[in-house]
Structures are given as structure tokens and as C-alpha cells.
Amino acid sequence: MSVGRPKKYTKAEKMQEKIDKYFTMCEQKEEPPTVCGLALALDMDRSGLLRYEQEGEFCNTIKKAKLKIEANYEQMMVSGKGSTPGLIFNMKNNFGWKDKQEVEHSGTVSIAETLAKAQERAKK
């Protein structure tokens with residue numbers, strides 16, 4: 001026995017039709033597509049969209065649509081259109097982008113040496 005509301009979409013093709021209409025509308029209105037806008041066009045909320053993304057049949061459909069949105073944001077950052085901090089915030093929260101610093105360490109450090117040096121400095 002299934003629990004909850006029935007799914008809005010049972011076929012990825014039907015979902016793809018609505019996705020295509022959404023992107024066409026964005027182009028016509030000269031508005032950037034968004035993840036929430038995509039969810040609204042599919043008559044669901046953002047979390048519902050993300051749940052569909054986890055399902056086999058809909059996974060590639062949603063991922064491709066989100067990739068198109070991500071590419072648009074990336075282009076906006078490169079071209080200087082829009083609020084860069086806002087675009088970065090969006091990329092981190094919707095597309096998994098991260099600020100990452102890599103630091104390489106080499107050699108060894110002895111705790112005893114470090115403590116001895118700290119004690120010497122304290123005596124001075």
C-alpha cells in the first residue's frame with residue numbers, strides 16, 4: 001500500500017516538455033532560468049524537484065535542466081552580469097560549488113621539538 005500523494009510525473013518525457021517550455025519562456029522574457037523557477041514550472045517546490053532528481057527515470061532529465069541553469073549562472077559570472085556574490089551563493093547552494101584551498105605539507109614535526117621551542121621562547 002503506497003502512502004502519500006500520487007506523483008505529478010510518471011514519465012520523464014512529460015516532464016521534459018514542461019522543462020522545455022520553461023526555458024523557452026525564460027528566453028522570451030529575457031530572464032535567467034532558476035532552480036526555483038524550474039520547480040514552479042513543474043508545479044512543485046525545490047525539495048520536490050530534488051527528490052525527482054534522485055529517481056532513476058527522472059535523474060538525467062533534472063540534472064540536464066539544472067546543468068543548463070548552472071551554465072547560465074557561470075556565464076553571468078564570467079561576463080560580469082548580475083551580482084557576483086549572489087551568483088556565487090547560488091552556485092554553492094544549488095550546484096555544490098565550494099571555496100577550496102589546498103595546502104601541501106611536507107616534512108615532519110615532532111611534538112617534543114615544538115614544545116621545547118615554545119618553552120625556550122617563553123623563558124626569553
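Asn 60 counts as exposed, at 61% relative accessibility, and its place is in helix H4 of this predicted model. Its neighbour in the numbering, Thr 61, is also found in helix H4 but counts as buried. The points below set out how H4 meets helices H1 and H3, which residues of H3 are buried, where positive phi values occur in loops, and how the cysteines are placed.

**Two residues of helix H4**

- Asn 60 is separated from Thr 84 by 24 residues in sequence, and their C-alpha atoms are 28 Å apart in space.
- Thr 61 has a relative accessibility of 12%, and therefore counts as buried.
- When neighbours within four places in sequence are left aside, the contacts of Thr 61 are Ala 12, Met 15, Gln 16 and Ile 19.

**Helix H1 against helix H4**

- The axes of H1 and H4 come within 10 Å of each other and cross at roughly 10°.
- H1 is therefore roughly parallel to H4.
- On the H1 side, the contact is formed by Ala 12, Glu 13, Met 15, Gln 16, Ile 19, Phe 23 and Glu 27.
- On the H4 side, these residues meet Glu 57, Phe 58, Thr 61, Ile 62, Ala 65, Lys 68 and Ile 69.
- Sorted by class, the residues of the contact of H1 with H4 comprise eight nonpolar, two polar and four charged.

**Helix H3 against helix H4**

- Helix H3 spans residues 46–53 and helix H4 spans residues 56–79; their axes come within 7 Å and cross at roughly 125°.
- This crossing makes H3 oblique to H4.
- H3 contributes Leu 49, Leu 50, Tyr 52 and Glu 53 to the contact, while H4 contributes Phe 58, Cys 59, Ile 62, Lys 63 and Lys 66.
- The contact of H3 with H4 consists of six nonpolar and three charged residues, with no polar residues.

**The buried face of helix H3**

- Gly 48, Leu 49, Tyr 52 and Glu 53 are buried in H3.
- Viewed down the axis of H3, the buried residues fall within an arc of 150°, so they line one face of the helix.
- The cover over the buried residues of H3 includes helix H1 (12–29), helix H2 (35–41) and H4.

**Positive phi values in the loops**

- Most residues other than glycine have a negative phi.
- Glu 30, although not a glycine, has a positive phi of about 55°.
- Glu 30 is found in the loop between H1 and H2 and is exposed, with a relative accessible area of 73%.
- Asp 43, likewise not a glycine, has a positive phi of about 60°.
- Asp 43 is found in the loop between H2 and H3 and is partly exposed, with a relative accessible area of 49%.

**Cysteines**

- The structure contains zero disulfides.
- The cysteine sulfur closest to that of Cys 36 belongs to Cys 26, at 12 Å, which is too far for a bond, given that a disulfide requires the sulfur atoms to lie within 2.5 Å.
- Cys 36 is partly exposed, with a relative accessible area of 43%.
- Cys 59 is likewise in no disulfide, and the cysteine sulfur nearest to its own, that of Cys 36, is 19 Å away.
- Cys 59 is also one of the H4 residues in the contact with H3.

Notes: Residues are numbered from 1 along each chain as its sequence is written. This is a predicted model: local features need pLDDT of at least 70, side-chain atom pairs count only at pLDDT 80 or more; totals for chains, interfaces and linings use all residues. Side-chain values use heavy atoms; hydrogens and water are left out. Axes are lines fitted to C-alpha atoms, for helices over the stretch in contact, and angles run from 0 to 180 degrees between N-to-C directions. Helices (H or I, at least four residues) and strands (E, at least two) are DSSP runs, numbered from the N terminus. Angles under 35 degrees count as roughly parallel, over 145 as roughly antiparallel, 65 to 115 as roughly perpendicular and the rest as oblique. Contact means heavy atoms within 4.5 Å. Ala, Val, Leu, Ile, Met, Phe, Trp, Tyr, Cys and Pro count as nonpolar, Asp, Glu, Lys and Arg as charged, and the others, Gly among them, as polar. Buried means under 20% relative accessible area, exposed over 50%, partly exposed in between (1.4 Å probe, protein chains only). The arc is that of the directions from the helix axis to the C-beta atoms.
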